[in-house]
Amino acid sequence: MKITLLLISLCVFYTLGSPEISREVSVRITPSRSQFFQYEDVSLSCESSAGVGQLRRNTTTRGTESCSYGWGSIRGSDCTINTVYPSDSGVYWCESHSGQQSQRVRVTVTAGSVILGSPPFPVMEGDDVTLQCKTRFIQVLSNPHTDFYKDGVLVRSTGTENMTIHSVSKSDEGLYRCSISGAGDSAESQLTVRESYPAVLGGPDTPAPNVPPLHRLICHVVVGTPYLVSTIILGLIYRDRRRALQLLQSTDATILLLRWNECHCTVVKFKHVLHFCFAFF
């Protein structure tokens with residue numbers, strides 16, 4: 001019994017803490033990247049199924065605070081930073097009224113001349129991902145040469161500002177940065193790849209459904225089975241109690257009828273005895 005309770009507790013903890021669980025609140029950032037030039041405008045919004053969520057952030061200079069503390073202007077579910085500075089660099093997320101948090105997005109603001117435009121959120125395995133190396137001075141640079149680095153190692157040199165990773169996989173995860181000749185280097189950004197699950201039905205063009213892994217299915221079965229069994233047992237107990245009550249009521253009625261018949265017979269016999277006695281005397 002103790003082992004069963006332990007397994008159920010572990011599965012509940014894993015299910016609630018799993019990042020694959022669909023959340024009731026999410027965060028969106030515009031422009032959709034993680035690095036920004038100083039003085040750019042950045043807008044973040046909360047999307048919540050349980051009402052309006054609250055945008056929060058954690059920075060090294062000001063700690064944890066909400067958008068209402070003055071660093072952004074609120075309009076509906078949007079929080080807009082009209083002019084960002086390096087001090088605005090940090091982690092941003094949304095929080096629902098029930099306390100549930102969205103996934104977090106790391107924002108990096110630079111006063112330099114080069115940024116790396118990369119996905120702010122994890123990408124799905126198998127997708128094509130484009131990294132863009134941007135500079136403030138692209139108009140004045142002739143034939144700029146761009147280098148892309150992963151975990152400090154040069155992975156591509158190109159005469160354009162873009163690098164596309166086709167059919168991205170877990171091996172493509174890492175810290176990326178770029179460098180433009182004559183302009184400088186960008187900061188590093190983390191590229192995270194989320195595993196996808198193969199389609200069970202359909203052809204190769206069928207999008208892969210969001211199938212949970214086997215261990216999560218087992219946890220759902222372990223957690224749900226006691227509730228199902230207890231519901232069935234309660235239903236059987238309720239049914240048996242109704243039957244017992246009906247039987248008891250039927251038995252009581254029968255006993256009462258038999259006793260009434262016995263009393264009636266006794267009264268009739270007594271009347272006959274009295275009539276005989278009066279006739280004799």
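Okay, one definition before we start: a residue is buried under 20% relative accessible area, exposed over 50%, and partly exposed in between. Keep that in mind, because Tyr85 comes out at 38% relative accessibility, so Tyr85 counts as partly exposed. And just so everybody knows, what you see above is a predicted model.

Let me give you the overall picture. The protein chain has 281 residues, and 30% of them count as buried. In secondary structure we have two helices and 19 strands. If you take contacts between residues at least 6 apart in sequence, 59% of those join residues at least 24 apart.

Now, back to Tyr85 and the aromatics. How many aromatic pairs does the count come to? Two. In one of them, Tyr39 and Tyr85 have ring centres 5.7 Å apart, with the planes at 85°. Over 60 degrees counts as edge-to-face, so that is what we call Tyr39 and Tyr85. Where do these two tyrosines sit? Both are in loops: Tyr39 between strand E2 (35-37) and strand E3 (42-48), Tyr85 between strand E7 (78-81) and strand E8 (90-95). So this pair ties together parts that are 46 residues apart in sequence. As for the surface, Tyr39 has 52% relative accessibility, so Tyr39 counts as exposed.

The next pair is Trp71 with Tyr92. Here the centres are 5.7 Å apart and the planes are at 75°, so again we say edge-to-face. Trp71 lies in the loop between strand E5 (63-66) and strand E6 (73-75), while Tyr92 is in strand E8, so parts 21 residues apart in sequence get tied together. Buried or exposed, these two? Both Trp71 and Tyr92 are buried.

While we're on rings, there are a couple of arginines to point at. Arg104 lies over the face of Trp93, 3.8 Å from the ring centre. Arg177 does likewise with Tyr149, at 4.1 Å from the ring centre.

Okay, on to Arg62. You'll find Arg62 in the loop between strand E4 (54-59) and E5. With a relative accessible area of 44%, Arg62 is partly exposed. Its side chain makes a polar contact with the side chain of Glu65, at 3.2 Å. Setting aside neighbours within four places in sequence, Arg62 is in contact with Arg57, Tyr69 and Trp71, and Trp71 is the buried tryptophan from a minute ago. Also, C-alpha to C-alpha, Arg62 and Gly90 are 9.9 Å apart, with their positions 28 residues apart in sequence.

Several of those strands meet in a sheet. It's an open one with five strands, in the order E2-E9-E8-E4-E5, and the pairing is mixed. Which strands are at the edges? E2 and E5, each pairing on one side only. On average, neighbouring strands here are turned by 25° against each other, direction ignored. Zooming in on the E2 side, E2 pairs with strand E9 (residues 105-110) in the parallel sense, over three bridges. Within that region, Phe36 stands opposite Val109 in E9.

Last stop, Ser186. This one is in the loop between strand E17 (184-185) and strand E18 (189-191). Its relative accessible area is 9%, so Ser186 is buried. What does Ser186 touch, not counting residues up to four places away in sequence? Gln35, Val114, Ile115, Leu116, Arg177 and Cys178. You've met Arg177 already, over the face of Tyr149. That's my tour, thanks.

Technical notes. Residues are numbered from 1 along each chain as its sequence is written. This is a predicted model: local features need pLDDT of at least 70, side-chain atom pairs count only at pLDDT 80 or more; totals for chains, interfaces and linings use all residues. Side-chain values use heavy atoms; hydrogens and water are left out. Rings of Phe, Tyr and Trp (its six-membered ring) pair if their centres lie within 6.5 Å; planes under 30 degrees apart count as stacked, over 60 as edge-to-face and the rest as tilted. Helices (H or I, at least four residues) and strands (E, at least two) are DSSP runs, numbered from the N terminus. Buried means under 20% relative accessible area, exposed over 50%, partly exposed in between (1.4 Å probe, protein chains only). A charge sits over a ring if NZ of Lys or CZ of Arg is within 6 Å of the ring centre and within 35 degrees of the ring normal. Two strands pair if DSSP finds at least two bridges between them. Axes are lines fitted to C-alpha atoms, for helices over the stretch in contact, and angles run from 0 to 180 degrees between N-to-C directions. Contact means heavy atoms within 4.5 Å. A polar contact is a pair of N or O atoms within 3.5 Å; within protein, one must be able to donate a hydrogen and the other to accept it, and residues adjacent in sequence count only if both atoms are side-chain atoms.
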